[in-house]
Amino acid sequence: RDSGNIYLYNGGTLSNRLSGTVSVPATKVWKAAAFQSAFEGVEIELTLQRRAKGSEDPWQNTLITQIMNQFTAENLSGVTMAKTVPKYDEWGRELEYRWVETGVFQNDPNREKNLFQPDSDGGGTFILTQADREVIYQSVTNVQEGMKSEIINSIKNTITYEIEKEWAEGITPTPVNFYLYRSVSGDPLGQ
C-alpha cells in the first residue's frame, strides 16, 4: 500500500496501546562493618516486582532477576544497577516497580541452597558464616522517588533468650523479675 494509507484491509487489527519504558534502579547496601572483608563467595539475587501505580494490589514477581556478587569492603556501602522495563501493562495501566531480595547464596556457585527466608513485606532474613561464626542478617527494601529501590542488609540486632525458672521442692512459686544486663567489653555492669 501507499505510504500514508491508514485504512485497514481484510480483517486487519488496529492496536491502540500506550507504550514507553522506565529505568528501575536498585542499590544494594551492606551494613556490616565488622565483617567488611568476609563477603567473598556471597551472591544475592534480586527480583523485580510490579503492580498498577498507586494501587494497594499485592506486588507480583516479574521474570526479571539480577545476580549481584563480588562484594568488597570498598563497595559495601552501595552497588547500583538498573533495568529498563515497560511503563504500562497490557491494559494500559501505568506500572510501579520495586526490587526485592529473593536469594542469598554463600560459596554455592550453582545457587542450589538459598539461605534467604522471605517475610511478607519484601524483606527477610538469612544467616551467613563469617569469621567462623553464624551471623544473622535482616533485609529491608526501601522504595524511593523514581522507583529507586534500596535493599539494605544489616546485622540483626536482636537476640532471643529463653529463661526457665525451676523451683526447688517445697518452695511456693511466686512472680519473679529478670533483668538483662549489657556491657561493653571492659566496662562495669549497669542497670
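**View 1. Pairing of strands β2 and β3 in the predicted model.** Strand β2 covers residues 42-52 and is joined to β3 by six bridges. The two strands pair in the antiparallel sense. Within this pair, Thr-47 faces a residue of β3, namely Thr-65.

**View 2. The open sheet β3-β2-β5.** Three strands make up this sheet, and their pairing is antiparallel. In the order of the sheet, β2 stands between β3 and β5. Strand β3 spans residues 60-68 and strand β5 spans residues 95-106. Both stand at the edges with a single partner strand each, so one side of β3 and one side of β5 have no neighbour in the sheet. Neighbouring strands here are turned against each other by 25° on average, with direction ignored. In general, the strands of a sheet are paired through hydrogen bonds of the backbone, in a parallel or an antiparallel way.

**View 3. Strands along the protein chain.** Which elements does the protein chain contain? Its secondary structure consists of nine strands and zero helices. Read from the N terminus, the elements therefore run β-β-β-β-β-β-β-β-β.

**View 4. Contacts, burial and surface of the protein chain.** The protein chain has 191 residues, of which 30% are buried. Among contacts with a separation of 6 or more, 56% link residues that are 24 or more positions apart. The exposed area of the protein chain is about 13,800 Å². Carbon and sulfur atoms supply 46% of this area.

Notes: Residues numbered from 1 in each chain as written. Predicted model: local features only at pLDDT ≥ 70, side-chain atom pairs only at ≥ 80, totals over all residues. Heavy atoms only, no water. Helix = DSSP H or I, 4+ residues; strand = E, 2+ residues; numbered from the N terminus. Buried < 20%, exposed > 50% of the residue type's maximum accessible area, 1.4 Å probe, protein only. Contact = heavy atoms within 4.5 Å. Areas by Shrake-Rupley, 256 points an atom, 1.4 Å probe, with all protein chains shown as cover. Pairing = 2+ DSSP bridges. Axes fitted to C-alpha atoms, helices over the stretch in contact; angles between N-to-C directions.
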